[in-house]
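Got your viewer open? Keep the selection box handy, and we'll walk through this one stop at a time.

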Amino acid sequence: MGVSMTTIMDAILSAAVAQHGGEAAHAAVAASHGVTGPLWIGLIPLLPLLGVVLVTLLACFNEKSKMPAWISVGLLAVSFLLTLFAYLGWNGHDAIHLKLWDWIGLSWGDLRGQTLAAGFAFYFDGLSLLWMLFVTGLACLIGLYASEYMEHDAGLGYCRFFAAFNLFVFSMSCLVMGDNLLMLFLGWEGVGLCSYLLIGYFYKKKSAVDAGMKAFVVNRIGDLGLLMGMLLTFTTFGTLQYDALFNQIHTGLTAGGTPLSQTWQVWAIPLLLMGGAFGKSAQLFFYVWLPDAMEGPTPVSALIHAATMVTAGVYLVARMMPLYLADPAHIALTAVTWGGAITAFWSATIAVAQFDIKRIMGYSTISQLGYMFAGLGVLATTGGVFHVFTHAFFKATLFLSCGAVMHGFAGQLDMRKLSGLWSINGFRVVVIAMLIGCLNLSGFPFTGGYFSKDMIIAEAFVTPDSVIAGSSWAGWLLLLTAGMTAYYTFRVFFRVFVGPVVYEPGEDLHAHDDHEHADAHGHGHGHDDAHDHAAEHFHPHGPKWAINLVLTLLSVGCILSAGLYFLGDHHGWAGGMVHASSAVVDTHAVEGGEEALLFGQPPHEIMFYISAVFGFGGILLAAWFHGPKGIAGLLIGGRTTAAEVRMDPIAKALRPISTWAVRKWYVDEFYHLVLVTPLKIFAHLFHWFDKLIVDGLVNFFGATPRVSSDAIGESTQTGVLHDYALRMVAGIAVVLVVVVLVLF
C-alpha cells in the first residue's frame, strides 16, 4: 500500500497523550481527542463497497462460477487485515480521526446550533476498533462458509446474495466507524435494507417474503425513535459530531447555556435512542421480527442476526453512554436494564419449548442481547461489550453448525426427527463445534461466555437500587435466565447430536424428489409416495472443506476469547478497549464507592460459583429429561428415540402453559389482533373513502359539464334552419331586456 507499518506507528503515536480523569465524562472527552489516521483506514469500509460493484458486474455477465464468493472473501479478508493493522498501530488511548470528504453542510445563521455539518469521516477508538475486528473477521469467515452453503444457487442468485452480503458489511462499517450520528444513521438504514433483502432472499417462498417485510416494518418503527433522538440531540447540543457532543455534555450545559440536568431532554433523548436500539436489537416489544428472520439463508442468520447487525443497538447505547450518565435520575438506564432483563427471561421461556433448532438459536440471540443491554444499564459496560464479543463467536458457531445440519439433511431442523449425528460419517467437526458453542452459551466455567455473563450479573448486584431501580432484582432474573439458557441449549445438543442414530430428510428433498419423479416417468406420483420413496434412500452428506474449516476456526476463536478476560489492567482486554472509549463508566463515582455483598461476599468473587451452579443445574436437567441412556457412562438419560423424551409427560401435565410457550405466548397473534387488524380495517375504510368520496367528487365535477352539454345539445341541435333563427331572435330579446333593466 506504499506505507510501512513504522510510518503508520509514528503517525499515530506522534500525538500527545490526552488528559485522563476519574469520571466518565472526563474519559469521554479524553477519548474524543485524537490524531489523524492514515488514509488507508478508509479502505476498511470501501473494500466491501467495491465488492458490491464487482459482484454486480459479474451478475450482468451472468457469471455462474464461485467467483462472486472468492472476490467477496478476498476483499473482506483485506478489510480485516487493515482493521488489525489499525489496532496494532493504535496507542491505546487516543481516538483516530479520518475525514474523506465533506458530506452534508447546511447553515441558516451564525449562532451556535444553526449549522448542520457532517463529513464522510471515521472515528476509531477502543469501542469501534473492537466492533470492527469481529465484524470484518466474522464476515470473512461466514463469506467463506457461504461459498459452499449457497453453491446450489450459483448464477444470478449467487451474485445477488454476495452483493447484498458486501453491502451489509459496508453499511455496518459506516455505522460503527462513523464519527457522527448522521454517519451512524446512514449505516443503520443500510443494514436494515440488507437485512430485508437477505431475509427475503428466497423470494418465491411466501414465509420468507413475509418475514422480510415484518423485519422491515418493525425496524422502521424503532428507527423513528432513533431519528427523533438525533433531531432532539442537534436542537439541544447544536451538533451531531461525537467529539463536540461529548465535550458539550461534559460542560453540563445545553447549546443555549441551560444546565443539562434541569432539562427534559436529559432523559428524553436517551429514551428515544433506546427505542431505536431496541428495534434494531430485537428487544422487548420489538423482538418478534428476529425469530422469523430465520427464513433467510443460515449464513445470513449467523452474520446479521447473531453476530453483527443486532448488536448495533448495543453499540448505540454504549457509544452514547455519556448522555445516559448525564441524567441524575438514571431514567433511561433503568429502562435499558429492565428492558434487557425482561427480554432475556421472556425469550428464554419461549426457547425452552421450541423444536426448530435454528429458531431456538434465534430466541437465544434475543435473550443474550437482553444480557448485553442489562449490562449497559447496570453500568457494567465492560461486561456488556465483552459479551458482545464472545457472543459473536459462539453464536456464529452455533448458527453455522445448525446450518451444516440443515444443509446435510435436506433442510431438516426439527429436533424430533434428528438424533445421533456424532455417529454419522462426516459430521464429527459439526458436533464438536456445536459442543463448544453450547458450552459458551451455557456459561460453562472458564469459557468466554462464562466470564462475560458473570461480569454483567455480578454488576447488577453491585449497583445499588438507589442508582438503578431494582438492579438486584434484575440480577436474580438474569441468574434464573442463565439456568434456563443452559437447559434449552443442551436440550438441543443431547437430542440432536448424541444418542441413537435417527434422521428424516426435510422438505428440500421432498420438492427435489417430486421433480425428479416427474422427469423420469413423465408424470408425478403422489406427493406422499414420492417423499416416502426419497426418505427410504436418503443418505445425509457431511459438509466439505469450506464449512469444516470455518467451523474449526470459529471454535478456536470461542476458546481463545476466554483468555481475553485475563489480559490487560481493566477487567480484561475488552475492559481496556472500553476504557479508551466513550463507553467507559467510573462506577465508584456513580455508586459512591460502596460495594454491596451477596451471601456475605463481594458479588464479582462469588458470582463465579453461583452462576456455575445455575449453569450445571440447567445442563443436568437437560441431560435427565432429554439425554440418551449412558451419557459419559452414567445412566442419567432415558431417551431411546428421537421424538420421545422424559419431558413429554411433564409438558402434557403443564398444559395449557406448555402449549402457550410452544405458540410463543401468542404475542404474534396479539399484535395481529390489536395492531395489524385495526390498521387493515382503517386502510380499507380510507381506500373506500378515497374511491367513493374523493374520486367521486372529482368525477362528479368532471362529468357535470359533459352531461349538461349533452342534454342541452340533444334538445337544441335540431337541424332545422328556421328553428335556429327563432332561438337567435329570442336570445337577442333576452339580452335587450337585461340591458334595459340594468340601465333604467
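**The whole chain**

Start with everything selected and a surface switched on: the accessible surface of the chain comes to about 31200 Å², and 69% of that belongs to carbon and sulfur atoms. Accessible areas here come from the Shrake-Rupley method with a 1.4 Å probe, and for residues only the protein chains shown count as cover.

Before going on, know that this is a predicted model, where local features need pLDDT of at least 70, side-chain atom pairs count only at pLDDT 80 or more, and totals for chains, interfaces and linings use all residues. Residues are numbered from 1 along each chain as its sequence is written, and side-chain values use heavy atoms, with hydrogens and water left out.

Now switch to cartoon: the chain has 30 helices and five strands. These are DSSP runs numbered from the N terminus (helices are H or I, at least four residues; strands are E, at least two). Of the 744 residues, 54% count as buried. Buried means under 20% relative accessible area, exposed means over 50%, and partly exposed is in between (1.4 Å probe, protein chains only).

Contact means heavy atoms within 4.5 Å. Among contacts between residues at least 6 apart in sequence, 78% join residues at least 24 apart.

**Colour by confidence**

Next, colour by pLDDT, the predictor's confidence in each residue, from 0 to 100. The chain's mean is 86, and 89% of its residues reach 70 or more. Select residues 1–32: pLDDT stays under 50 there, and the model has 56 contacts beyond four places in sequence for this stretch. Then try residues 512–527, where pLDDT also stays under 50 and the model has 13 such contacts. Where pLDDT is low, the predicted coordinates should not be read in detail.

**Into the core**

Select Trp131, Met320, Tyr324 and Phe497: they have the most contacts inside the largest nonpolar core, which has 198 residues. Helix 5 (residues 126–149) gives the most to this core, with 17 residues. A nonpolar core is a set of buried Ala, Val, Leu, Ile, Met, Phe, Trp, Tyr and Cys residues joined through side-chain atoms within 4.5 Å.

Zoom in on Tyr324. Which residues does Tyr324 touch, not counting those up to four places away in sequence? The list is Pro270, Leu273, Met274, Val317, His330, Ala332, Leu333 and Val336. Apart from the largest core lies another one, of 17 residues, among them Ile457, Ala458, Phe461 and Met607.

Keep Ala458 shown and add Gly375: the two are 83 residues apart in sequence and 9.5 Å apart in space, C-alpha to C-alpha. Gly375 is found in helix 16. Gly375 counts as buried because its relative accessible area is 0%. Leaving out residues up to four places away in sequence, Gly375 touches Ala380, Thr381 and Ile456.

Hop over to Thr489, in helix 20 (residues 471–496). Is Thr489 buried or exposed? Thr489 has 0% relative accessibility, so it counts as buried. Beyond four places in sequence, Thr489 touches Cys438, Leu441 and Ser442.

**Charged pairs**

Side chains of opposite charge can pair when their charged atoms come close. A salt bridge is a side-chain nitrogen of Lys or Arg within 4 Å of a carboxyl oxygen of Asp or Glu, and a search of the whole structure finds 15 of them.

Select Glu295 and Lys205, whose closest N and O atoms are 3.2 Å apart in a salt bridge. This pair links distant parts of the chain, 90 residues apart: Glu295 sits in the loop between helix 11 (289–292) and helix 12 (298–307), and Lys205 in the loop between helix 7 (181–199) and helix 8 (206–237). Glu295 counts as buried at 19% relative accessibility, while Lys205 counts as partly exposed at 41%.

Now pick Arg359 and Asp292, a salt bridge with its closest N and O atoms 3.3 Å apart. Arg359 lies in helix 16 (residues 357–377) and Asp292 in helix 11, 67 residues apart. Both Arg359 and Asp292 are buried.

**Last stop: a surface patch**

Bring the surface back and select Trp688, Phe689, Leu692, Ile693, Val694, Leu697, Val698, Phe700 and Phe701: they form a nonpolar patch with about 930 Å² of accessible area together. Patches are made of residues with over 30% relative accessible area and no salt bridge (like charges are joined within 9 Å; nonpolar side chains, meaning Val, Leu, Ile, Met, Phe, Trp and Tyr, within 5 Å). Finish on Phe701, in helix 29 (residues 667–716), which counts as exposed at 58% relative accessibility.
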